[in-house]
Structure formats: structure tokens, C-alpha cells
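Colleague: Please pick one part of this model and go through it closely. Give me each cut-off as you use it.

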Amino acid sequence: MKTTFLRHVKTDLAVHELQQGSGRPLLLLHGLGERTLSSPPSGTQHWVGPIVGLDFTGHGQSSLPAGGGYTCEALMSDADAVIHAFGDVTIFGRGLGGYIGLLLAGSRPKQVRGLVIADGPGLDGGGSRPSSSKVFSEPPADISNKTPDPWALLELSSDTRPGDYATEHVIQFAQLSGLKPAVAVAAIGRPEWLETTILNSSVVTQTDIAQALALFQ
Amino acid sequence: MTSELDQEVIIARSHVPAAHRPDRIRRLNVGGGLEVAVSEWGSESAQPLLMAHGGFDFSGTFDVFAPLLAEAGLRVISWDHRGHGDSDLACMYSFDADIRDAALVLNSIDSNDSIPVLGHSKGGGIMNQLADALPHRISAVINLDGIPNERGFSQKIDRTDIDALNQELSGYLDHRRKASNLTRKPDTLAGLAQRRQTMNPRLAPEWLRYLVTVGARKDSDGWRWKIDPALRFGPTGAWNPQWAIPKLRGLQLPYLGIIGTVEEEMGWGTTPDEALAILPIGAEFHALAETGHFVHIERPAEVSAIVLRFLGKFL
């Protein structure tokens, strides 16, 4: 596995090349608290192009920032840094990575050539509306300069993911990418952002991972 | 160079004689070694008042207002938000992280009692949420032109307009791609003040030049603002401004709201009627005529008098 580091904002992002090949890369976005594994995940064996995996900020071999402040939009920009370096991609996102993939697809509709959303940690986030206000004024106890960053685990499991925000991104992706289908949902999890909005779009299909990837090969 | 620099600063500051730098400045670790700069005016043994500045500002914007409160017997504490003023630049920024920093500054004040808090603009939003999260730590909230409305910043574009939204979303990512190498544009002291005038059109040029001496640094090629160039407005993300309203309405403590009635680029555009409809029951409210977003800078004597009268009712 070859690993390169992309300097992005104030962090070094680890990008792992799991499979060589020609054509459009498949970009793997891991779940909350995870890291890119050393081999391609199940269901991706028929992908003929390169397969690369990003470790989000505060995860895996990427930088551990001081003081948290994680947002899904910041992690979306991590994934955008890979597009900047590697060109157009198809995204396979697990859990949190699926939601980040959706945000990126809506924001870079011409560079994301298909999105597959699979089950994984962090798929739900903190729900569709903010919960009671709370302050974690002390750093989590197990900060030890190792990833995953406890602030990431805390902040990205409680962020708000309203359905209309997700829908907004699907509409952007559908209108500007020209893809149909554009999003394949291989997850059985159904957080509200996915259940009530995404699945109602005509550019979203439900299938398993292998078939989903075949749609975008 | 040093004497020239000092002279330039001395001259700029001499035109705002009412301004006073803090009596004490300290640094506070808010996690993982990230530090914020905490400023204090007034006696350390006086009644504390915690104040939060607005977005793209810094605690030095209180350099006239805070001393008026300190002279009246308060210990005023404020901090530069992460990425602003003399605080460290962070890798990432979020409103929740700002709330957390506020709570850590609050914890750093040697006081076992609940204390009053004040916030301007974004700082008002921070203090509203802090009071909702930690009602046992806050005795009163003073909000200076940071009262939310249902429109919020997100409505500055039509989010059903595919092209406009694409521009906002991709614009954020374009900015992040460049952020590793961004630096603030250098200028003369007067030039930097003039550029800030576009964001603060109602503030006096003398005041803006003063602010440069506090919120900017002089490099070999000129003055540049200290604020992290990675920071920018937007995107608004998933946040819906309507969510803040019931939390504000539900606060059960003395509340003072002061707004300006002249709409400005940096302001929130909340009208007096909108504010009165959502403030906590029993709140005191003032809408200042012929005043813009920076109520405490345009009218420091009047606003500090209102604040002191309000605090005098229960302190």
C-alpha cells in the first residue's frame, strides 16, 4: 500500500493507494473513528480503476489537530483535496463517509462521478434537529496524541443533519452532474437525512455495493 | 524600524484617547495546546462580566467600551476567539468549538458565583447558547445586536437557485484548497483601516486606525490583520437560524437586548418587532435610533450606561 500526504489547510492528509489501475479512481471514505484499511473492502473487487482511501483529519495517519472544531463541511474539504490531486472520482462512503460523500457530490457535482453510501459508524450523526445545548468544556479524557481524535468522535456523532440540507445537495448533484442514477444506497440504515429525503429523489437507487459500483464504473 | 513602528502606533492610538488596552492579558489552553488570548480590564477582585466579541473582530474592539464598565467597578473579561486577534490559529473552526472556548474562559475566572455575560453580534449568539447550556453558571445575558431572526445569513442567497448555491458550495471548497498558502494582504496602517471601513462604514477612521494597531501586526512588507486567512463567511452549513429562537425565548434570567436600527453589512437585520417577539419574557430591550451594528462602538457612553443600570438592578 502506497501512502502519500496532501497538505490541506493546516493538516497533512494521508491518502492510501490500495489498488493500481487505469481510469477514474474509486475514493473510499471511511466511517467515524475508522481509518483506511490495508486492502479494498468487500464488494469492490470488480472495480478496474485505482482505489484510493483517505484518512480524514484526526483519523488514521492524517494529522491530529489541536482543539477540535470538527464539522462535516471541513471533512468534505478533506475529500475535495483528493479530487484536486487525483481528478474526478467515484465515491464509496461508509457511515460518516457516506454523508460526507453526499455533501461533496452536491458541492462538486461535475467531479464526483457517482456516490455509493454504505452502512458504517457515524451514518446517523446527531439527528435532524439540534438536541439540548451542551458544552463539553473539558477535553475528552483519552486525548493521547493518537488518532482517532476524541474530539472528532464527539463532535461528528452529534452534528445536526437536517433532511432539507441533504436534499439540497442531492438536487445539486442531480441537476449538475447529468448522472442518473447518481447515488446508490447500499446501506440498510435509515437516518432521517437518508430516509425521508434522499430516497425520494429520482436519481437515487437502492442496491448492493457490487451492483452500485457497476453503475458508475 | 522599532522606533518608527512605535511612533506610528503611538500616533494612531493618540487619536482615540478614550481607548485603553487591557490591564491584564493571559493565555489559556483550550485543548491540545491551542491557546486563546484572554484580556481583562478592572480590578481582579471586582464583580466579573464575561464579554464576547463578534465574528472577524477581536477583544480589542472593546478598548473603549470595556474601560467604561471597569471604571464603574466591574472586572471585564474577554478573549480573542480562536483564529482571531492574538489567539492561536486553529485547524478547524465551529460554533460549538467557540461555545466550548467560552465555557473554558468562564471556568478560568476565579469565581464560584454565576456571573453576567455580554456578547456582540456572533458573540451574542455564543452567550445565548452558553446560557442555555449552563444556566447555573450565568446570572444575566446582555446582547448587543446579536439577536437572531428567522432569515439568518443563509437567506442571503436563494438556495433554490442551482447556480447561486453551486457558487456558494464550490466557493467554500475553492477557498479551502487555497487556504494552506493564503496570507492576509499587506498594506499601510492607513490602508488597512480604509479597507476595514467597507465592513464598518459607520465607524470613525481614527477608530479603525486604532484597531489596526491592535488587531494587525507589522511585517517587513506592511501591516496585515492577524485573523486566520483560512476563515471566511460561509457556508452556513446545516445550521438553521430558526433553531436558536426557542432556546433564546426559553432563557429564564435577566436579559438585556440592545440593537441598532440602521442596517449594515455585518449586522443581522433583526427588526425591533422581530426582537421583541422572541426575547425572553421580561427582557429589557432598547432599539437605538441612528445607530448601526456596532452599538457599543458608536455609542459607548450610552450603551455602557444602559448596561450598568441593568446590572445595577440585581448585582
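Modeller: What follows is a close look at the sheet of chain A, and then at its surroundings.

This is a predicted model, in which local features need pLDDT of at least 70 and side-chain atom pairs count only at pLDDT 80 or more, while totals for chains, interfaces and linings use all residues. Residues are numbered from 1 along each chain as its sequence is written, and chains are lettered from A and ligands numbered from 1 in the order in which they are written. The model scores ipTM 0.95 and pTM 0.95.

Start with the strand order. Chain A has an open sheet of 8 strands, in the order β1-β2-β4-β3-β5-β6-β7-β8, with mixed pairing. Strands β1 and β8 (204-206) of chain A are at the edges, and each has a single partner strand, so one side of each lacks a neighbour in the sheet. From one strand to the next, the twist averages 25°. Axes here are lines fitted to C-alpha atoms, for helices over the stretch in contact, with angles from 0 to 180 degrees between N-to-C directions. Strands (E, at least two residues) and helices (H or I, at least four) are DSSP runs, numbered from the N terminus. Two strands pair if DSSP finds at least two bridges between them.

Now walk across it from β1(A). This strand runs antiparallel to β2 (residues 11-19) of chain A, and 7 bridges join the two. In that pair, Phe5(A) stands opposite Ala14(A) of β2(A). The hairpin of β1(A) and β2(A) has 2 residues between its strands, and in this hairpin Val9(A) takes a positive phi near 55°. Most residues other than glycine have a negative phi.

On to the next strand. β2(A) is also antiparallel to β4 (residues 51-55) of chain A, with 5 bridges. There, Gln19(A) has Ile51(A) in β4(A) as its bridge partner.

Further along, the direction of pairing changes to parallel: β6(A) and β7(A) run parallel and are joined by 3 bridges. In this pair, Leu115(A) has Val183(A) of β7(A) as its bridge partner. A helix covers part of the sheet: α1(A) packs on it, touching β1, β2, β3 (26-29), β4 and β5 (89-94) of chain A. The direction of α1(A) makes about 140° with that of β4(A).

What lies in the nonpolar core? The largest one has 134 residues, and those with the most contacts inside it are Leu27(A), Ile91(A), Ile100(A), Val116(A) and Leu130(B). Such a core is a set of buried Ala, Val, Leu, Ile, Met, Phe, Trp, Tyr and Cys residues joined through C-beta atoms within 7 Å. Buried means 20 or more other C-beta atoms within 10 Å of a residue's own, exposed means 12 or fewer, and partly exposed lies in between, with C-beta atoms placed from the backbone. Look at Ile91(A). Leaving aside neighbours within four places in sequence, Ile91(A) is in contact with Leu27(A), Leu29(A), Gly101(A), Leu104(A), Ala105(A), Val112(A), Leu115(A) and Val116(A). Contact means that the C-beta atoms, placed from the backbone, lie within 7 Å.

Two loops deserve a look. Pro148(A) sits in the loop between β6 (112-118) and α3 (150-155) of chain A. A cis peptide bond joins Thr147(A) to Pro148(A), with omega about 0°. Pro181(A) is in the loop between α4 and β7 (183-185) of chain A. The bond from Lys180(A) to Pro181(A) is cis too, with omega near 0°. Most peptide bonds are trans.

Finally, the partner chain. 39 residues of chain A are in contact with 41 residues of chain B. On the side of chain A that touches chain B, two or more residues come from each of β1 (2-8), α1 (72-86), α2 (96-107) and α4 (163-177) of chain A. The largest share, 6 residues, comes from α1(A). That side of chain A divides into 14 nonpolar, 16 polar and 9 charged residues. Here Ala, Val, Leu, Ile, Met, Phe, Trp, Tyr, Cys and Pro count as nonpolar, Asp, Glu, Lys and Arg as charged, and the others, Gly among them, as polar.

Chain B has an open sheet of 8 strands as well, in the order β1-β2-β4-β3-β5-β6-β9-β10, with mixed pairing. Its edge strands are β1 (24-29) and β10 (284-288) of chain B.

Notes
Contact = placed C-beta atoms within 7 Å.
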